[in-house]
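Visitor: I am new to this structure and would like to go through it slowly, one question at a time. Could you show it to me before we begin?

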Amino acid sequence: PRNTPGLTRLLMKYSGNPELASQLRGWGPHFAAVEDDAPDLNLLDYLLHYLYGIQETLGPDDVQAILSDHVGPRALERMMSIADQLRASGRDEGLRRGRQEGRQEGRQEGRQEGRQQELARLVAKLLTSKFGELDQATTARLAAATSQELDLWAVLLLNANRIEDVLDG
């Protein structure tokens, strides 16, 4: 679609979709058509602001680099102006910082979850070694246990005579 409604539908369709960046590469001609259809470029401004608002992976400089081969100098100037506005308002830096914090938080949560799963496997192995095969309920309980519960069970199983002494201790 080489018109504004078509481009708007595409932007709405890929709102928040991680594939937006790769899809955007093919939409350059559509942005150029909007530039041709709207001499005052207000519509292009609106679409660019919308684009920055629906995703967090591309900053204004990224979008400018992707679309620079397709739009004219006036549109590029508008893109730079919007990028400057976003930087001045702190939104661009805020998005970048938010993405970085999100990645760090995700890595930390992933490591914590991995440690918890490993601890659950270790407690299951120790329980199996001491009391024999575990039933499904016990296996499910281990999988759903918190790190604190698993730590407690690991200590309790050292002196326990029954599996119930561990899990209900």
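Visitor: How much area does the protein chain expose, and what share of it do carbon and sulfur atoms supply?
Guide: What is shown here is a predicted model, and the areas are computed from it. The protein chain exposes about 10300 Å². Of that exposed area, the share supplied by carbon and sulfur atoms is 50%.

Visitor: Which helix gives the most residues to the largest nonpolar core?
Guide: The largest nonpolar core has 26 residues, and those that touch the most other members are Leu 24, Trp 27, Phe 31, Leu 48, Val 63 and Leu 67. At least two residues of this core come from each of helix H1 (4-13), helix H2 (20-24), helix H3 (28-37), H4, helix H5 (60-67) and helix H6 (73-89). With six residues, the helix that gives the most to this core is H4.

Visitor: Is Asp 45 buried or exposed?
Guide: Asp 45 belongs to helix H4, which covers residues 42-54. Its relative accessible area is 14%, and because buried means under 20% relative accessible area, Asp 45 counts as buried.

Visitor: With which side chain does the side chain of Asp 45 make a polar contact?
Guide: Leaving aside residues up to four places away in sequence, Asp 45 touches Arg 78 and Ile 82. The polar contact runs from side chain to side chain at 2.4 Å, and the partner of Asp 45 in it is Arg 78.

Methods. Residues numbered from 1 in each chain as written. Predicted model: local features only at pLDDT ≥ 70, side-chain atom pairs only at ≥ 80, totals over all residues. Heavy atoms only, no water. Areas by Shrake-Rupley, 256 points an atom, 1.4 Å probe, with all protein chains shown as cover. Helix = DSSP H or I, 4+ residues; strand = E, 2+ residues; numbered from the N terminus. Buried < 20%, exposed > 50% of the residue type's maximum accessible area, 1.4 Å probe, protein only. Polar contact = N/O pair within 3.5 Å; in protein donor to acceptor, adjacent residues only side chain to side chain. Contact = heavy atoms within 4.5 Å. Core = buried A, V, L, I, M, F, W, Y, C linked by side-chain atoms within 4.5 Å.
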